[in-house]
Amino acid sequence: MSITPLAAVPPAHRAAPVFRGRLGRDARSGHYAVPHRYRLHLSTACPDGLRLAVGHSLLGLAGSCPVTFLPALPDGDDGGHAELRPLYEASAHHYRGPALAPALSDDWSGRIVSTHARDILRDLDRFPRTGGGPLYPPGLESVTAAVERMCAEGIEEAAQRAGRAGAGPAERAAALDVLLDTLDRLERRLAGEEYLVDGRLTAADVELWVALAQLDLVHRLHLDASAVQRVAGHRALWAYARRLAAHPAFGRHLDLDGIARRHQGRCRGLEAAGAAVQILDWAAHTAGSPDTSRP
C-alpha cells in the first residue's frame, strides 16, 4: 500500500510530551516489556486514550498490563487528573504542570514512563501475547506513519480548521478541501479492502477509526450541512467505521457520553447546521454495553 504524506498541510506544532521514556527489548534499557510491571492510565473520552484502549484490547493485554480508566473531564485543580498527581510528583521533582492522561506508569518504581500515546502503543506491541499479529507489522512502518499523519493533519486538524469559529470563508473552504481530499484517498483504498494495511487489523486501523469517530462525534458539530453531506458521501469509509464499531475491541471503548461532555467542556466554537446531520448511529453499531465501572 502506498500512501503519500500530505504536502499541503505543514507539520503541526505540538507541545513536547512531559515524559517520553521507552520500553526496550532487554533489561539494559531500564524499562523492558515484562508482564505485570506497567499500568495504563487513560480516559476513553480523549482521542489518545481511545486509541490506547482499543490497541490494548486488540493485543489482549488485560492480564499483563492493567488499565486505570479516568473521568472524561479532568477533576484536578491543575486542570489535570487528581488521581495522576502523585505519579507526576514522584516522577519529576517540584512538578508544577497539569497531571495529564494518557500515561504509562511503572508499578515497580511508582513513576511515569511515558505520556506520549503513540510511543506507548508501539511499546505495548512488544509485550508477549498468546495470539494475533503485531499492530505494527515489520517492514510497513512508513505506511503506518503515513496513515498517522493523514489522520492527524488531513482529518482531525483540517476538520478543526474547517469549522473554526471566526475563520474566514476562504480559510474554512481550504481546510474542507484538505479534509475531503484525504477522505477521498482513504475511500479509494477501502473500496476494495477490508483493512488499511497487511489485510488485517493494525495500528493504522486504530488511527483511522478514532479519527472518523472524532470527525462525526465532535468536528461535525461545527461544519455546515453541505460539508457534512460531502463528508458522509464516502460510503466505503463509513461502512468500515461501522464494521469496526461492532468489533468488541473498538465499540466497547466508545464513551459517547464522555466524548460529548469533554467536547462541551473544551469547545468554544459555535454550533453549525451540520450538528443535526449525524453520519453514523454509533450507539446502535457498538458491540456490547458500556463499561459502567468507569467514572
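1. A good place to start is the largest nonpolar core, which has 52 residues; Leu 208, Trp 209 and Trp 282 are the members that touch the most others. Please keep in mind, as you look through these points, that this is a predicted model.

2. Several helices feed that core. At least two residues come from each of α1 (47-59), α4 (141-162), α5 (169-190), α6 (203-217), α7 (225-232), α8 (235-245) and α9 (248-251). The top contributor is α6, with 10 residues.

3. Leu 208 deserves a closer look on your screen. Setting aside neighbours within four places in sequence, Leu 208 contacts Cys 151, Ile 155, Leu 186, Leu 190, Leu 196, Leu 237 and Tyr 240. If you display these side chains together, you will have the surroundings of one of the three best-connected core members in view.

4. There is also a second core, separate from the one above, with 21 residues. Val 34, Tyr 38, Leu 40 and Ala 53 are among them.

5. Next, a peptide bond to check: the one from Ala 101 to Pro 102 is cis, and its omega is near 5°. Pro 102 sits in the loop between α2 (85-91) and β3 (103-106).

6. That loop between α2 and β3 also holds His 94. His 94 is not a glycine, yet its phi is positive, at about 55°. Is this histidine buried or exposed? His 94 has a relative accessible area of 54%, and the cut-off for exposed is over 50%, so His 94 counts as exposed.

7. His 36 is another non-glycine residue with a positive phi, here near 70°. You will find His 36 in the segment before β1 (38-42). Its relative accessibility is 57%, so His 36 is classed as exposed. Both histidines would be fair places to pause when you go through the backbone angles.

8. Finally, Arg 261, which belongs to helix α10 (residues 256-266). How should its accessibility be described? With a relative accessible area of 32%, Arg 261 falls between the limits of 20% and 50%, and is therefore partly exposed.

9. Arg 261 also links distant parts of the sequence. Its C-alpha atom is separated by 8.4 Å from that of Ala 45, although the two residues are 216 residues apart along the chain. Once residues up to four places away in sequence are left out, Arg 261 touches Ala 72 and Leu 73.

Key
Residues numbered from 1 in each chain as written. Predicted model: local features only at pLDDT ≥ 70, side-chain atom pairs only at ≥ 80, totals over all residues. Heavy atoms only, no water. Helix = DSSP H or I, 4+ residues; strand = E, 2+ residues; numbered from the N terminus. Buried < 20%, exposed > 50% of the residue type's maximum accessible area, 1.4 Å probe, protein only. Contact = heavy atoms within 4.5 Å. Core = buried A, V, L, I, M, F, W, Y, C linked by side-chain atoms within 4.5 Å.
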